[in-house]
Amino acid sequence: MREKLVGGAVLVLLLSACGAGGSDPEDSETRRAPVPSVSESRGPGRTPVPSDSEPRGTGRAAVRSDFDGDGYGDLVVTDGSATVNGKYAAGYVAVIRGSSKGPVLEGQQVVTQDDLGLGKAGEGGGFGNRGVTADLDGDGRADFVTQAGRSTVFVLWGSPEGLSGAARLRGAAPVAGDFDGDGRADLVVTGTEENTAQVLLGPFSREGAPRRTVSLDLTPSDPEYSVAIPSAAGDVTGDGKDDLLVTWAFLVDESPVARATLVYRGAADGKLVKGPRLKDDQGKDFHGAPLRTGDLNKDGFADVVAGLACEMLGDPMTPEGGSRVAVLYGGPSGPSEKLKPARITDRTPGLPVQGPFSYCTFGYEPAVGDIDGDGYADVTFSVVAGTPQDGASSLVLLRGSARGLTVEGAQALPGGSAALLDTNGDRAAELALGGPGEGEVQVLRGGREGVGLTPALVVKEADLDLGPGISSDGRRFGWVG
């Protein structure tokens, strides 16, 4: 029998996200589902800061995606294209529990928007397409935050039984972090007016009310750009408060084309301060999509990783300077004064894969996490060698080091995309691999010796207890990010 909002735990592995657009979910008078009966402070240059797949906002050593508080990160698998109760692309979220042996299928959860009691899903809502985890209510267990439609955000609360109960917020593009440095997780969502955001300071009530709300004006000061989007969070300046990374973009057929990145510095009062406009290794605007953060060189400052396979998805345009993965190292004023920004391209010596690469595939969907538990965050990204019809997808794994991201010890693995997360509590991230047309996700163990090639778990959509109201052709299953 399919469990609803009980049992299981999580770290974020988002599979097969379809477009972020779509109609808003159908509204409801109900604003709260029934609920059954912290970031560590870190001074500049001292303690390595968390990567995107590490704990944040729990106030104690914990796994960021540990929804039931058992100490093991859990895997979230989503399919935003799935039909739910007759609504196309309403989407679902599946939770696969972590354990001392890694992820296990026992006790899995499958959750749809219809299960929350907060209004029925709408056509194209894409529940689960974009999600983050953080302990918003301060109970020591991670909560799952996801967007549905254009302007609705749901918070699914963690509990001893797993995800249990939910709240509904207005907004989009959720980004979690500790922006005021008080050890409590906060949330940033876009506001009701264009180019505005709300900093929702934790802890939150179970009704979804933050302790305090701060409005943030993100309007680009450069007239070339019309859109500003909250994109990622990390303690880039190393002052113990997370900073917000904001993307400036212009629109092409209503799709944003990212072209610049700004740092909004965290502040004790929650009023984030507009900081520097980041520059790449060539002195041009640093940009990409998605943006990821993690401490690649273990100096206590979060570094920023940007994928730029194409200028925009759905209408590929090769970026000026070619497809790439760009890295900007953090420092007290934003950019590091010691390490210059880096660029990984298909011409970088020492890569474990060889081209020619298919159009607009090099550097797709970077992910950040510590695969070998050495305290240096590592980076993966995907490439396709050959033609789009006959090309082979590979995942490139590059290691972090005191010198920053390096090709030394680099590996190539089969797969189109990946997420890095610690599911067995050993502080070394597992590698969850997926790819187009594969129809499965493989979880490979991380550790001091690197990545094991024998899967600890293989998950197919047929292994999930989706229930009679959910249907999918499975073609999108297998993408992670």
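Here is a friendly conversation between a student and a tutor about a predicted model.

Student: Let's begin with the cysteines. Which residue is joined to Cys 310 by a disulfide?

Tutor: Searching the whole structure turns up one disulfide. Such a link is a covalent bond between the sulfur atoms of two cysteines. Here the S to S distance is 2.0 Å, and the partner of Cys 310 is Cys 360.

Student: How many residues apart in sequence are the parts that this pair ties together?

Tutor: Cys 310 sits in the loop between strand E19 (303-308) and strand E20 (324-328), while Cys 360 sits in the loop between strand E23 (342-344) and strand E24 (364-369). The disulfide therefore ties together parts whose separation in sequence is 50 residues.

Student: Is Cys 360 buried or exposed?

Tutor: A residue counts as buried when its relative accessible area is under 20%. For Cys 360 the value is 14%, so Cys 360 is buried.

Student: And what is the phi of Cys 360?

Tutor: Most residues other than glycine have a negative phi. Cys 360 is not a glycine, yet its phi is positive, at about 60°.

Student: Which cis peptide bond involves a proline in the loop between E23 and E24?

Tutor: Most peptide bonds are trans. The loop between E23 and E24 holds Pro 356, as well as Cys 360. With omega about 5°, the cis bond is the one that joins Gly 355 and Pro 356.

Student: Where does Pro 203 lie?

Tutor: Pro 203 also follows a cis peptide bond, from Gly 202, with omega near 5°. The place of Pro 203 is the loop between E12 and E13.

Student: Now for the charges. Which side chain of opposite charge is nearest to Asp 143?

Tutor: Asp 143 is in strand E7 (residues 143-148). Asp 143 is buried and has no salt bridge. A salt bridge needs the nitrogen and oxygen atoms within 4 Å. The nearest side chain of opposite charge is 5.2 Å away, and it belongs to Arg 206.

Student: Which backbone nitrogen does the side chain of Asp 143 reach?

Tutor: Leaving aside neighbours within four places in sequence, Asp 143 is in contact with several residues, including Phe 67, Leu 136, Val 155 and Trp 157. At 2.8 Å, the side chain of Asp 143 reaches the backbone nitrogen of Leu 136.

Student: With which residue does Arg 206 form a salt bridge?

Tutor: Arg 206 lies in the loop between strand E12 (196-201) and strand E13 (212-217), and its partner lies in the loop between strand E6 (131-134) and E7, so the pair ties together parts that are 67 residues apart in sequence. Arg 206 is partly exposed, with a relative accessible area of 22%. The closest N and O atoms are 3.4 Å apart, and the partner is Asp 139.

Student: Which residues are linked with Arg 206 in a network of salt bridges?

Tutor: Asp 139, at 28% relative accessibility, is partly exposed. It shares the network with Arg 206. The other residues bring the list of those linked with Arg 206 to Asp 137, Asp 139 and Arg 141.

Student: How many salt bridges does the count come to?

Tutor: One of them is between the side chains of Arg 403 and Glu 408, at 3.1 Å from N to O, and both of these residues are exposed. Another pairs Asp 222 with Arg 277, whose closest N and O atoms are 3.2 Å apart. Here Asp 222 is buried, at 17% relative accessible area, whereas Arg 277 is partly exposed, at 29%. The count comes to 18.

Student: Which residue of E17 stands opposite Leu 262?

Tutor: E16 pairs with strand E17 (residues 273-277) in the antiparallel sense over three bridges. In E16, Leu 262 is also the bridge partner of Val 246. On the E17 side, the residue opposite Leu 262 is Arg 277.

Student: Which residue takes a positive phi in the hairpin of E15 and E16?

Tutor: Strand E15 (residues 243-252) and strand E16 (residues 255-265) pair in the antiparallel sense over nine bridges. Their hairpin has two residues between the strands. The positive phi, near 50°, belongs to Asp 253.

How values were computed:
Residues are numbered from 1 along each chain as its sequence is written. This is a predicted model: local features need pLDDT of at least 70, side-chain atom pairs count only at pLDDT 80 or more; totals for chains, interfaces and linings use all residues. Side-chain values use heavy atoms; hydrogens and water are left out. A disulfide is a pair of cysteine sulfur atoms within 2.5 Å. Helices (H or I, at least four residues) and strands (E, at least two) are DSSP runs, numbered from the N terminus. Buried means under 20% relative accessible area, exposed over 50%, partly exposed in between (1.4 Å probe, protein chains only). Lys and Arg count as positive and Asp and Glu as negative; His and the chain ends are not counted. A polar contact is a pair of N or O atoms within 3.5 Å; within protein, one must be able to donate a hydrogen and the other to accept it, and residues adjacent in sequence count only if both atoms are side-chain atoms. Contact means heavy atoms within 4.5 Å. Two strands pair if DSSP finds at least two bridges between them.
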